[in-house]
Amino acid sequence: MTFVVVENCIKCKYTDCVEVCPVDCFHEGPNFLVIDPEECIDCTLCEPECPVQAIYPEDDLPADQQDFLQINEELSREWPVITERKDPPPDAEEWEGKENKRELLER
């Protein structure tokens, strides 16, 4: 099993989760984070750190977020590893909890 970053992270991109990861499995894109399923050790540390509840265990992914397992896997191969917390985007709070952000995902 792995943990998966889902749609609510898009354009919020808080990095609190990155700081607690013991294996550096997070990767950063322009406006989204992903978890490398090959590196994730299922430690559960990242999930409670996300202020917008955008991280789920693979087995608990909501039905409408299932495709994010593949998105995390694909993009983790392309994007660089992120290991330190960064400031969120200036407009992150405006995007918290908004639905239908998939088309805003920058690859």
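**Exercise 1. Glu74**

Task: In this predicted model, find which helix holds Glu74, and work out whether Glu74 is buried, partly exposed or exposed.

Solution:
- Start with the secondary structure: Glu74 sits in helix α2, which covers residues 67–78.
- Next, the surface. The relative accessibility of Glu74 is 27%. Buried needs a value under 20% and exposed one over 50%, so Glu74 goes down as partly exposed.
- Last, a partner from elsewhere in the chain: Asp36 is 38 residues away in sequence, and its C-alpha atom is 8.6 Å from that of Glu74.

**Exercise 2. The overall fold**

Task: How many helices and strands does the protein have, and in what pattern do they follow each other along the sequence? Then check the radius of gyration against the globule rule.

Solution:
- Count the elements: there are 3 helices and 4 strands.
- Put them in sequence order and you get β-α-β-β-β-α-α.
- Now the size check. For 107 residues the globule rule gives 13 Å, and the model comes out close to that, with a radius of gyration of 12 Å. The protein is therefore as compact as a globular protein of that length.
- For a feel of the dimensions, the C-alpha atoms fill a box of roughly 30 × 30 × 25 Å along the principal axes.
- As for burial, 43% of the 107 residues count as buried.
- Finally, look at contacts between residues at least 6 apart in sequence: 77% of them join residues at least 24 apart.

**Exercise 3. Cysteines without a partner**

Task: How many disulfides does the model contain, and why is Cys46 not bonded to Cys43?

Solution:
- Recall what we're hunting for. A disulfide is a covalent bond between the sulfur atoms of two cysteines.
- The cut-off for the sulfur pair is 2.5 Å, and by this rule the count is 0 disulfides.
- Take Cys43 as a test case: its nearest cysteine sulfur belongs to Cys21 and is 5.9 Å away, and Cys43 is in no disulfide.
- Then Cys46. Its closest cysteine sulfur is the one in Cys43, but at 6.0 Å that is too far for a bond.
- Compare the surroundings: Cys43 is partly exposed at 29% relative accessibility, whereas Cys46 is buried at 7%.

**Exercise 4. Empty space inside**

Task: How many cavities of 30 Å³ or more turn up in the whole structure, and which residues lie closest to the centre of the largest cavity?

Solution:
- The idea behind the search is simple. Rolling a probe the size of a water molecule over the atoms shows where empty space is left.
- The search gives 2 cavities of 30 Å³ or more.
- The largest cavity has a volume of about 70 Å³. It has 14 lining residues, and the closest to its centre are Cys21, Cys25, Cys40, Cys43 and Cys46. So the two cysteines from the previous exercise, Cys43 and Cys46, show up again here.
- Sort that lining by type: 12 nonpolar, 1 polar and 1 charged.
- The second largest cavity has a volume of about 50 Å³. Its lining includes Cys9, Cys12, Cys17 and Cys50, along with Lys13 and Tyr14.
- By type, this second lining has 10 nonpolar residues, no polar ones and 1 charged.

**Exercise 5. The largest pocket and Gln65**

Task: Which residues lie nearest the centre of the largest pocket, and is Gln65 buried or exposed?

Solution:
- The largest pocket has a volume of about 230 Å³.
- Of its 16 lining residues, Glu7, Asn8, Asp64, Gln65 and Glu99 lie nearest the centre.
- The lining splits into 4 nonpolar, 5 polar and 7 charged residues.
- Zoom in on Gln65, which is in the loop between β4 (55–57) and α2. With a relative accessible area of 6%, Gln65 is buried.
- Leaving out residues up to four places away in sequence, Gln65 touches Val6, Glu7 and Arg102.

**Exercise 6. Positive phi**

Task: Where do Gln53 and Asn100 sit, and what are the phi values of Gln53 and Asn100?

Solution:
- Gln53 is in the loop between β3 (33–35) and β4. Its phi is near 50 degrees, positive although the residue is not glycine.
- Asn100 lies in the segment after α3 (92–95). Here phi is near 60 degrees, again a positive value outside glycine.
- Check the surface too: Gln53 is exposed at 54% relative accessibility, and Asn100 is exposed at 56%.

Conventions:
Residues are numbered from 1 along each chain as its sequence is written. This is a predicted model: local features need pLDDT of at least 70, side-chain atom pairs count only at pLDDT 80 or more; totals for chains, interfaces and linings use all residues. Side-chain values use heavy atoms; hydrogens and water are left out. Buried means under 20% relative accessible area, exposed over 50%, partly exposed in between (1.4 Å probe, protein chains only). On a 1 Å grid over the protein atoms alone, a cavity is a set of points where a 1.4 Å probe fits but cannot get out, and a pocket is an open set with protein on both sides within 12 Å along at least five of seven lines; lining residues have an atom within 4 Å of a point. Grid points are joined across faces, edges and corners, and a volume is the space filled by probe spheres set on the points. Ala, Val, Leu, Ile, Met, Phe, Trp, Tyr, Cys and Pro count as nonpolar, Asp, Glu, Lys and Arg as charged, and the others, Gly among them, as polar. Helices (H or I, at least four residues) and strands (E, at least two) are DSSP runs, numbered from the N terminus. The radius of gyration is taken over C-alpha atoms; the globule rule is 2.2 Å times the number of residues to the power 0.38. Contact means heavy atoms within 4.5 Å.
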